[in-house]
Amino acid sequence: MDPEGDPTRPRTDGSAAPAAPAAAPGSAAPDSATPAAAAATTPMLRILLGLAAAVVALAGISAARELFGPLALAAVIVIICHPLRHPLERWGLPRWLATTAVIAVAWAVLLVMALLLGFAGMEFTQLVITYAGDLRATADDVLAWLTGLGLDYRLSDGLTGVLTPSAILGFVTSLGNGVLIVLTALFFIFAYVIFMAADAARYGRAESAFGPAAHPAMERITRFNSGVRRYYVVNAAFGLLVAVVDGLALWWMGVPAPLVWAILSFVTNFVPNIGFVLGLVPPALLALVVGGWPLMLGVIAVYCVANVLLQVLIQPKFVSDAVSLSLTLSFFSVLFWTFVIGPLGAILSIPLTLLVRALVLEGDPGARWLRWLSGDTSAAPNGDGTSTDGARARGNAIRRAAARSDSRAAARRASARSDAG
């Protein structure tokens, strides 16, 4: 082909190049519009791909809940016990001995929780067997009362179905199966704790090994670990207080097995928002059986005064400050993670939600507004348009630069002293 005939080639005689032929009517639009269209569809496509990947990942986690649940529980326990390592190492103990101490404390926590759950489950089963006849009589009385009010027989029968021994034994059986699963997986949890505690000591040296490039990821991990520890410390403190108040009140009112209900109050305190109801129903039903309506109403009144005051009005403020999650997201996370990994998900719901936020949102500067919607106040913009995260990052950068400057100055002074010597 003659290059002079190429309309895109510059003319050497100074004349203008011939104009490109106009597009025929009905022909395709020029290719210059394609990038704009692609850019407009990219965010939506990215959202759809992200949702599809999340569904696949969550389906896999749900299918492997027997493996994922113990792994997550072991990780949470190691995160809680890990700060024990730092004072031991500062005192000059070898790293392996500090790791052994972390493992021992984690195992002790696991054994105490397993023993408490096992004791409560056995005592609850014994109570159901002992009061089986009274349960049946109470169910018949409630059924007659509801029928006398004009309620449909099927409706009243359904409402009193929870008072039958078979229904409560079914609940006990499901609870016992859950405890049995935890006890069966205890060996694997112990093994996870050993490996994770040993790896935690190595991960702590990641920033010194990889330099400033590893700092953002390590900072997110540090914030996540700190949030998990604060959450469980706050819940354990309030749970212990609630358990003591409930146990003493039930003992004073003459409700059987107050220690069992105190343990139940402590455990259900780790379930956000709905733990109060889960801890109230069994002792209230038992109070109805052994003491009638007055004792049941007394138990409900005590729980409403003590638990609502501590768990509903005071504790959420401390929990919100500890983990920076909105109340709506906290409540939804309980239902969501229980659906995904079973009953253990109710106790691990907050740490798992914090983990998802740390992995998905905190690494993306464009998702800052989503973090703010989730309750993370550090992502809120300041008056100058920056955020607390940005101020923290600048402060960390200044501190690292100052530390490097100090180290270089110390090295120069040491070199000067060496030359002078």
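Which residues make a nonpolar surface patch of about 660 Å²? The views below take up that patch and some aromatic pairs in this predicted model.

**View 1. A nonpolar patch on the surface.** Leu240, Val244, Leu248, Trp251 and Trp252 make the patch, which covers about 660 Å². Look for Leu248 in helix α10, the element that spans residues 215-253. With a relative accessible area of 53%, Leu248 counts as exposed, because the cut-off for that class is over 50%.

**View 2. A stacked pair of phenylalanines in helix α13.** A search of the whole structure turns up six aromatic pairs. In the pair shown here, the ring centres of Phe332 and Phe336 are 5.7 Å apart and the planes meet at 25°, so the two rings are stacked. Both residues belong to helix α13 (residues 327-341), where a spacing of four residues puts them about one turn of the helix apart. Phe332 is partly exposed, at 48% relative accessible area, and Phe336 is also partly exposed, at 25%.

**View 3. An edge-to-face pair of Phe336 and Trp337.** Here Phe336 appears again, now paired with Trp337. Their rings sit 5.2 Å centre to centre with 80° between the planes, an edge-to-face arrangement. Is Trp337 buried or exposed? Trp337 has a relative accessible area of 6%, so this tryptophan is buried.

**View 4. A cluster of aromatic rings.** Four residues come together in this last close-up: Tyr231, Tyr232, Phe266 and Phe270. Ring pairs are what link them into a cluster.

Definitions and conventions
Residues are numbered from 1 along each chain as its sequence is written. This is a predicted model: local features need pLDDT of at least 70, side-chain atom pairs count only at pLDDT 80 or more; totals for chains, interfaces and linings use all residues. Side-chain values use heavy atoms; hydrogens and water are left out. Patches are made of residues with over 30% relative accessible area and no salt bridge: like charges are joined within 9 Å, nonpolar side chains (Val, Leu, Ile, Met, Phe, Trp, Tyr) within 5 Å. Accessible areas come from the Shrake-Rupley method with a 1.4 Å probe; for residues, only the protein chains shown count as cover. A salt bridge is a side-chain nitrogen of Lys or Arg within 4 Å of a carboxyl oxygen of Asp or Glu. Helices (H or I, at least four residues) and strands (E, at least two) are DSSP runs, numbered from the N terminus. Buried means under 20% relative accessible area, exposed over 50%, partly exposed in between (1.4 Å probe, protein chains only). Rings of Phe, Tyr and Trp (its six-membered ring) pair if their centres lie within 6.5 Å; planes under 30 degrees apart count as stacked, over 60 as edge-to-face and the rest as tilted.
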